[in-house]
Number of protein chains: 2
Amino acid sequence: MQDYTKMSKDELLEEKAKVEAKYKEYKDMGLKLDMSRGKPSSDQLDKCMPILDALTSKDDIHASNGFDTRNYGLVDGLPEAKELMAAIMDTKPENVIISGNASLSIMYDTIARAHSFGIMGSTPWCKLDKVKFLCPVPGYDRHFGVTETFGIEMINIPMNDDGPDMDLVEKYVSEDEAVKGIWCVPKFSNPGGVVYSDEVVRRFANLKPKAKDFRIYWDNAYAVHYLYDEVIDIPDIIEECAKAGNSNLVYEFCSTSKISFAGGGISAMATSQENIEDIKKTLTKQTIGPDKINQLRHVRYFKDKNGILEHMKVLATELRPRFELVIKILDEEIKGSGAGTYNAPRGGYFVAFNAMEGCANRIVDLAKEAGVVLTGAGAPFPYHKDPKDSVIRIAPSYPSMKDLEEAAKIFTVCVKLATIEKLLENK
Amino acid sequence: MQDYTKMSKDELLEEKAKVEAKYKEYKDMGLKLDMSRGKPSSDQLDKCMPILDALTSKDDIHASNGFDTRNYGLVDGLPEAKELMAAIMDTKPENVIISGNASLSIMYDTIARAHSFGIMGSTPWCKLDKVKFLCPVPGYDRHFGVTETFGIEMINIPMNDDGPDMDLVEKYVSEDEAVKGIWCVPKFSNPGGVVYSDEVVRRFANLKPKAKDFRIYWDNAYAVHYLYDEVIDIPDIIEECAKAGNSNLVYEFCSTSKISFAGGGISAMATSQENIEDIKKTLTKQTIGPDKINQLRHVRYFKDKNGILEHMKVLATELRPRFELVIKILDEEIKGSGAGTYNAPRGGYFVAFNAMEGCANRIVDLAKEAGVVLTGAGAPFPYHKDPKDSVIRIAPSYPSMKDLEEAAKIFTVCVKLATIEKLLENK
């Protein structure tokens, strides 16, 4: 692959003509492809169908504590569902509250509770002039959407290969009482695929916040979402916080949305006993209890952590080829061109593509015109503002292999075109 | 039955000795019975089991609009789920948002949104000094729990046989800008079993609120919950509001919690297009979408309104005998004694017992000591304060017929004892 950054103006113009011809060719095909969201494919979902058969008899509708799952109650979920979700998060069942079909809702509700009622007797955020959140970037757009909705000021924190810039995190958290939280996806971060190092996890657990109501919002969304036959463990943040004398410092979240069904799974939160008691004060006003039938259905099918891991290996047979296809096409078309860098993740749902500065919006626009929907440029940043206009989140999970191949190829053409345009600006 | 209120002191003392002996007899039996909550019985839930079989094949997992229900999206629910829930509420599908497993959560979230963000650009309630709600009493304890949690001042509104005292409602709503809402259960009210008259519904639709963000919180929880083979219609509040030029005045709620599974059903909200747009602004931040598999499962099983009504007739074969048993025992033991009045509802989940003033707490305590759990006295009132200490909510739906017979008999003994004690205070 030729390095665009080393080309002369004439060489760039010549290459541009070629790339534009290719682009026009794709555009004329009138395709409709989507690499925008981390959605499971139908093939992947087909592999989850036996879950729906796992609970249909009235003789098998009682939880281990004798509770009839078809009736009201158990606001924090079934004991065996706590065990299962605790196993996914590598924490203890007594730390777990089971919720509805989506961890996003638990996160929203957790922020909403702090906004309306405060945390453990602290001033409700709605009564404060200023509330701030730290946002490692690139990050998950829906996290930032929640904090923006509640008028929370968001501060970008750069991501390194082993997690967020902890020097900066420690500084903000220890010095500014308005800083009330930080969004983290500690394993296979969205979209960078970063796995936090043990040291980073421990530095999180040892934070000394100025604000009593500061919490780490630990979205363990991809806790078991491996693309390869390996297990990558990170320390249990809840245990690390307890060891550090910071038991109440973290709220952890997870769901089976990308294990069973996206929207038809179960979700959970894990935290200290004191935090659980604090949450239950209002949670018991919001709901009599989550859908326990779906909880038991999941438990009956997966049984335990091992069952989950075996199932994830099956799902990986759908996901891995998709990721490898995208990486292969990027390697063939972009590697060495200077037009961008990208990661080859070991898990999670995304590839983060770092385009040449000032090119991301143009690439997404070009792709859209050619029939390929990408996540909006800027989406992985608070206020949709990527300071470098560089990061594009690629979601390979949803399209068929055939569609994905075309979409990825079109994407590389758009990357090339935007890069050449950018380089020509300065020639 | 002798009338206690006409007895002499000696007669009362003699009767008291008899009743006390009977009470001791029951107490010595060491029973554990529960008439406290409106929970379906296991027998009733067994009749719903085929619902769990209604959706298990991957060939039948797409909604009418082609949407794969196993995947993310459709924040307001499946088109066919909107149709089904609209039919239950007698409104149009386009007015409906489908939500998770419980209408209580939708109601809580609706109040929470108004508290944090306001309604259609109005000042968020958290920024106001005072927010008030009108609470027809006796009413549903969990409604009052939600408003109390958000620090909303609650004002009792007396219930008549045809609904709340509308003169008082109209006065408060038109004169006080701090009055932002009223809780209503328009059909088979909880616990009184009252069905709002057409006139009351129309007076609601024609309210002229001083506050722009005043809404009627219309909890149509028992819309199709008939005990007898009859259909009792009330006017569609949404249409009535539109006719009155008050399109945005009402939020309506319902669920299948007492149609399919309590906690494993689906829920919905119905309101105007403008209200829906306003709600979606934040709802789309809270969730990517509700559990659509469970929506389709319900649609596949029930099909339409007629399917719902036929199913409710089956459930009524469990509920009706329980209600009739309780009424029979009350008729035998209490009628004519002056110790209390009660209704014989045509639907819903409760019987409201009106004890002699000052006796409700004592009755509930006596029952508890004898092993019968009743809803706490005061529960059907804001702040758990029944000004007359008179109303007790009886929930006959959950116990077996055998348990219910004992519980109801024990209840009548407790009523008698408390009444005699009260009468003797003034002798």
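**Exercise 1.** Is K416(B) buried or exposed?

*Solution.* This is a predicted model, in which local features need pLDDT of at least 70 and side-chain atom pairs count only at pLDDT 80 or more, while totals for chains, interfaces and linings use all residues. Residues are numbered from 1 along each chain as its sequence is written, chains are lettered from A in the order in which they are written, and side-chain values use heavy atoms, without hydrogens and water.
Buried means under 20% relative accessible area, exposed over 50%, and partly exposed in between (1.4 Å probe, protein chains only). K416(B) has 10%, so K416(B) is buried.

**Exercise 2.** Find the salt-bridge partner of K416(B) and place both residues.

*Solution.* A salt bridge is a side-chain nitrogen of Lys or Arg within 4 Å of a carboxyl oxygen of Asp or Glu. K416(B) pairs with E333(B) at 2.6 Å, N to O. Helices are DSSP runs (H or I, at least four residues), as are strands (E, at least two), numbered from the N terminus. K416(B) sits in helix α13 (residues 401-425) and E333(B) in helix α11 (residues 305-333) of chain B, so the bridge ties together parts 83 residues apart in sequence. E333(B), at 27%, is partly exposed.

**Exercise 3.** Describe how the salt bridge of R346(B) with E230(B) connects the chain.

*Solution.* The closest N and O atoms are 2.9 Å apart. R346(B) lies in the loop between β10 (340-342) and β11 (351-355), E230(B) in the loop between β7 (215-219) and α8 (237-243) of chain B, 116 residues apart. R346(B) is partly exposed at 39%, and E230(B) is partly exposed at 26%.
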